[in-house]
Structure formats: C-alpha cells, structure tokens
Amino acid sequence: MHQTNNARFLDLLWRHVLSICLVTVALLVSYSRVYLLYHTWSQVLYGGVAGSIMAIAWFAFTQEILTPLFPRIAAWPISEFFLIRDTSLIPNILWFEYTVTRAEARNRQRKLGTKLQ
C-alpha cells in the first residue's frame, strides 16, 4: 500500500476500484445479515465499529512496531532455518523472482551443456 510518486495511473486506479469493491461487498454482507434476520442493525453497526477499530489497531501495530523489527527478526537462526527473508525493499517481488529464477535456470543449463560436451 506504499504510495509512490512514480506509480502509474492504472495502478492507482486499480487500488481505488479494488477498495470500492471490497467496501461494497462488506456492505452487502452486512445487509444480508439483517435481511436474513441473523442480526439487528445495531448489532451490525456495533460489529462494524468494533471490527474497524481492531483492524486499525492491528495495522498500526504491524506498521509501527513489527515492520521496523522485521530485518532483525529475519536474521534470527530460526528465521533462517524456515527461510524467512525481508523482501520489503524490492518494489516488484513477482518480477524479481521471475528474473532471478530465469537467470539461475540459464546458468544451470550452461553448466550442464559444458559438462555434457
């Protein structure tokens, strides 16, 4: 969710469209709970407020406390054993993984080619 100055218009538009769709789905689920007589409007409202407060608190906790500690946590021996790594500084992790994997496959193919000759 990091806002960058060089983000393309379509990327920013996609984020907003996705957010609007998710809020719409949440409102539809809330309405369905009342429509199906599982809850009252006050229960849905209080649940929405409680859920929103907990979500904001969890987001703040992870961003302000856990995120700065993560490089240190990733260096722990148990984290290295489970191959946990910090990729937060890589802007496009999917493209990075693709290019690194492709380069490694080419290097191994070359090594196999020289051994077979």
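This is a short walk through the structure, stop by stop, with something to select at each one.

**Before you start**

You are looking at a predicted model, where local features need pLDDT of at least 70 and side-chain atom pairs count only at pLDDT 80 or more, while totals for chains, interfaces and linings use all residues. Residues are numbered from 1 along each chain as its sequence is written, and side-chain values use heavy atoms, with hydrogens and water left out.

**Stop 1: helix α1**

Select residues 9-35, which make up helix α1. Helices here are DSSP runs (H or I, at least four residues; strands are E, at least two), numbered from the N terminus. Now narrow the selection to residues 12-32, one of the spans that an unreviewed UniProt entry lists as "transmembrane region". UniProt positions use the numbering used here, feature names are shortened, and annotations may be inferred rather than shown by experiment. Residues 12-32 are 100% helix and 0% strand, with 31 Å between the end C-alpha atoms.

Next, show the side chains of F9, L10, L13, W14, V17, L18 and L22: together they make a nonpolar surface patch of about 760 Å². Patches take residues with over 30% relative accessible area and no salt bridge, joining like charges within 9 Å and nonpolar side chains (Val, Leu, Ile, Met, Phe, Trp, Tyr) within 5 Å. The areas come from the Shrake-Rupley method with a 1.4 Å probe, and for residues only the protein chains shown count as cover. Click on L22, which is exposed at 53% relative accessibility (buried is under 20% relative accessible area, exposed over 50%, partly exposed in between; 1.4 Å probe, protein chains only).

**Stop 2: helix α2**

Move on to residues 41-74, helix α2. Inside it, pick residues 44-62, also listed by UniProt under "transmembrane region". That span is 100% helix and 0% strand, and its end C-alpha atoms lie 27 Å apart. A55 sits in α2 and is partly exposed at 45%. Try a distance label from A55 to F9: their C-alpha atoms are 28 Å apart, with the two positions 46 residues apart along the chain.

**Stop 3: the rings**

How many aromatic pairs does a search of the whole structure find? There are 5. Rings of Phe, Tyr and Trp (its six-membered ring) pair if their centres lie within 6.5 Å; planes under 30 degrees apart are stacked, over 60 edge-to-face, and the rest tilted. Select Y31 and W41: the ring centres are 6.3 Å apart and the planes are at 40°, so this pair is tilted. Y31 belongs to helix α1 and W41 to helix α2, 10 residues apart, so to speak a link between distant parts of the chain. Add Y35, and ring pairs join Y31, Y35 and W41 into a cluster.

Then go to W58 and F61, another tilted pair, with centres 5.6 Å apart and planes at 40°. They are 3 residues apart in α2, about one helical turn. W58 is exposed at 55%, whereas F61 is partly exposed at 33%.

**Stop 4: salt bridges**

Finish with the 2 salt bridges (a side-chain nitrogen of Lys or Arg within 4 Å of a carboxyl oxygen of Asp or Glu). In one, E97 meets R85, the closest N and O atoms being 3.0 Å apart. E97 is in helix α4 (residues 93-116) and R85 in the loop between α3 (77-81) and α4, so the pair ties together parts 12 residues apart in sequence. Select R108 and E104 for the other, at 2.7 Å from N to O. Both lie in α4, 4 residues apart, about one turn of the helix. R108 is exposed at 55%, and E104 is partly exposed at 37%.
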